[in-house]
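Work through the exercises below with the sequence and the 3D structure at hand. Try each task before reading its solution.

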Amino acid sequence: MSAAQSQRGLGGLAYLAFVSALGVYFTFNAVQGDYGMFARVAIHAEAEGLRAERDRLSAELAEMENLTHRLSDTYLDLDLLDQQARDVLGYMRADEIAIR
């Protein structure tokens, strides 16, 4: 085997090692990197959690808007007003018994 053939064999081996290292690097980043599969799964899970929280807050907001409307000047719910006075101010009628 001559020196030229040995040099060409080492060059091919170095090229193969370089290409393999690049392949391993890009594969690792495709799975574990900032924009990889695991990051995508984590982002989707966080988005689902945030959607659930948004829906819960929307329902809570709708309930508060309903209560606010029922106590507004244009529409007054006397039962709700009585309940709020009892809860907030601690009022009760003389013929009622409070059990705590």
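**Exercise 1.** State the average pLDDT of the chain, and find where confidence is lowest and where it is highest.

*Solution.* The chain averages a pLDDT (the predictor's confidence in each residue, from 0 to 100) of 87, and 92% of the residues score at least 70. Confidence is lowest in α3, at a mean of 84, and highest in α2, at 95. Helices here are DSSP runs of H or I with at least four residues, numbered from the N terminus. This is a predicted model, in which local features need pLDDT of at least 70 and side-chain atom pairs count only at pLDDT 80 or more, while totals for chains, interfaces and linings use all residues. Residues are numbered from 1 along each chain as its sequence is written, and side-chain values use heavy atoms, with hydrogens and water left out.

**Exercise 2.** Check the span of helix α3 (residues 78-89) against the expected value.

*Solution.* Step 1: the expected span is 1.5 Å times one less than the number of residues. Step 2: α3 has 12 residues, so it should span 16 Å. Step 3: its end C-alpha atoms are 16 Å apart, which agrees. After the helix comes Gly 90, with a positive phi near 80°.

**Exercise 3.** Describe the surroundings of Asp 77: where does it lie, and is it buried or exposed?

*Solution.* Step 1: Asp 77 sits in the loop between α2 (37-70) and α3. Step 2: its relative accessible area is 16%, so Asp 77 is buried (buried means under 20%, exposed over 50%, partly exposed in between, with a 1.4 Å probe and protein chains only). Step 3: leaving aside neighbours within four places in sequence, Asp 77 is in contact (heavy atoms within 4.5 Å) with Arg 70 and Leu 71. Step 4: Asp 77 and Arg 70 form a salt bridge, with their closest N and O atoms 2.6 Å apart. A salt bridge is a side-chain nitrogen of Lys or Arg within 4 Å of a carboxyl oxygen of Asp or Glu. Arg 70 is partly exposed, at 24%.

**Exercise 4.** How many salt bridges does the structure hold, and how are Arg 56 and Glu 60 placed in helix α2?

*Solution.* Step 1: there are five salt bridges in the structure. Step 2: one of them joins the side chains of Arg 56 and Glu 60 at 3.5 Å, N to O. Step 3: these two residues are four apart in α2, so about one helical turn separates them. Step 4: Arg 56 is partly exposed at 48%, and Glu 60 is partly exposed at 34%.
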